[in-house]
Amino acid sequence: MRKLILILIGITIYSCEDVIDLDLNTSQPKLIIEASINWVKETSGNEQEIKLSLSTPFYDIQTPPANNAQVSVFDTNGNEFIFIEDGVTGIYKNNTFIPVLNAEYTLVINYKGETYSGTESLKSVVPIDYVEQKNDGGFSGEETELKAYYSDPENEDNYYFFEFSNNFTAYPTLEVYNDEFTNGNQIFGFYTEEDLTTGHEVTIKNHGISEAFYEYMFILLQQNSEEGGGPFETTPATVRGNCINETNPDNFPFGYFRLSEVDEIIYIVE
């Protein structure tokens, strides 16, 4: 009898479940431009790549690649660096790029009869001086904290984009900093990870960036913060990068064209 009652309860609960399909608004896919030219210190910087993909509806997991585009970067000396697609990946590669600090570059993309463009300068960055480790950090007092110290130059405005990645999580931790209150001082990029333990490898990259990219990333990081939701948080909105659609301005792209000198170190957690 007891078994029969449990079966009847299960049938009743199951019959009360309704599948609700939300009819979300959809729009034509937009071009997503991931054009980050990174010149790691003490390398030639000649090998670069640009990724193009298309926006998708909210519940789609993967973004399809944007194939068969014509992608070039021009410098002010008249050099054209042509990026060729690697198969049908949407990743366009070039191995003849010439990086010059503070030089201006223009990205031009022709895709499905429309021309997209963006202009930016290659920003320099100071080296990372050293990394300091603390083993009793975080709210629990048990997390490992890393501080990557660098010396900010005096009498100039500087903006920094830190990328911390390890060998056990899928995505890097990103942070942006400016020197409004630290000009000319030694300061640090901060990283903490609950599961970080002895022997883990952390790759730390510090990118020199423009003020415009700093503001762009600052808004994006606030909108995607896991700790968001407070009364003074940035209102979620479409964040526009520095690329435009010259043919059809209403069909603007997502993403950004950025050029950075990068200082990179690999730190082994003690």
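Where in the chain is the place of Glu215? Glu215 sits in helix α2, which covers residues 211-223. Hi everyone, that residue is our way in today, and please keep in mind that this is a predicted model.

Let me stay with Glu215 for a moment. Its relative accessibility is 43%, so Glu215 counts as partly exposed. Glu215 also belongs to a negative surface patch, together with Glu156, Asp157 and Glu211.

Now for the overall picture. The protein chain has 15 strands and two helices. Of its 270 residues, 37% are buried. The accessible surface of the chain is about 16,700 Å², and carbon and sulfur atoms hold 50% of that. For those of you who like contact maps: take the contacts with a separation of 6 or more, and 63% of them join residues 24 or more positions apart.

On to charges that pair up. Side chains of opposite charge can pair when their charged atoms come close. How many salt bridges does the rule give here? The count is two.

One of these salt bridges joins the side chains of Glu261 and Lys41, at 3.1 Å from N to O. This pair links distant parts of the chain, with the two positions 220 residues apart in the numbering. Glu261 belongs to strand β15, residues 254-268, while Lys41 is in the loop between β1 (31-40) and β2 (48-54). Is Glu261 buried or exposed? Its relative accessible area is 9%, and the cut-off for buried is under 20%, so Glu261 is buried. Its partner Lys41 has a relative accessible area of 24%, which makes Lys41 partly exposed.

The other salt bridge is between the side chains of Asp86 and Lys93, and here the N to O distance is 3.4 Å. Asp86, at 38% relative accessibility, is partly exposed. Lys93 is partly exposed as well, with a relative accessible area of 40%.

Next, some backbone angles, for the torsion fans in the room. Most residues other than glycine have a negative phi, and most peptide bonds are trans. With that in mind, have a look at Glu42. Phi of Glu42 is near 70°, a positive value in a residue that is not glycine. You will find Glu42 in the loop between β1 and β2, which is also where Lys41 of the salt bridge lies. Glu42 counts as exposed because its relative accessibility is 86%, and the cut-off for exposed is over 50%.

Which value does phi of Lys112 come near? For Lys112 the angle is near 50°, again positive in a residue other than glycine. Lys112 is in the loop between β6 (104-111) and β7 (114-123). With a relative accessible area of 71%, Lys112 is exposed.

I would like to finish with a short tour of three loop residues. Let's begin with Ser55, in the loop between β2 and β3. Ser55 has a relative accessibility of 18%, so it counts as buried. What does Ser55 touch, leaving out residues up to four places away in sequence? The list is Gln28, Pro29, Lys30, Ile32 and Phe254. For Ile32, 23 residues away along the chain, the C-alpha to C-alpha separation from Ser55 is 6.6 Å.

Our next stop is Asn79, in the loop between β3 (70-75) and β4 (80-85). Its relative accessible area of 31% makes Asn79 partly exposed. Not counting residues up to four places away in sequence, Asn79 touches Val73 and Phe74. If you put a ruler between the C-alpha atoms of Asn79 and Tyr105, you get 9.8 Å, for two residues 26 apart along the chain.

The tour ends at Asn102, in the loop between β5 (91-94) and β6. Asn102 is exposed, at a relative accessible area of 56%. Its contacts are Ser121 and Leu122, again not counting residues up to four places away in sequence. Asn102 and Ser124 are 22 residues apart in sequence, and 7.1 Å separates their C-alpha atoms in space.

That's my tour. Thanks for listening, and feel free to turn the model around while we chat.

Methods: Residues are numbered from 1 along each chain as its sequence is written. This is a predicted model: local features need pLDDT of at least 70, side-chain atom pairs count only at pLDDT 80 or more; totals for chains, interfaces and linings use all residues. Side-chain values use heavy atoms; hydrogens and water are left out. Helices (H or I, at least four residues) and strands (E, at least two) are DSSP runs, numbered from the N terminus. Buried means under 20% relative accessible area, exposed over 50%, partly exposed in between (1.4 Å probe, protein chains only). Contact means heavy atoms within 4.5 Å. Accessible areas come from the Shrake-Rupley method with a 1.4 Å probe; for residues, only the protein chains shown count as cover. Patches are made of residues with over 30% relative accessible area and no salt bridge: like charges are joined within 9 Å, nonpolar side chains (Val, Leu, Ile, Met, Phe, Trp, Tyr) within 5 Å. A salt bridge is a side-chain nitrogen of Lys or Arg within 4 Å of a carboxyl oxygen of Asp or Glu. Lys and Arg count as positive and Asp and Glu as negative; His and the chain ends are not counted. The place of a charge is taken as NZ of Lys, CZ of Arg, CG of Asp or CD of Glu.
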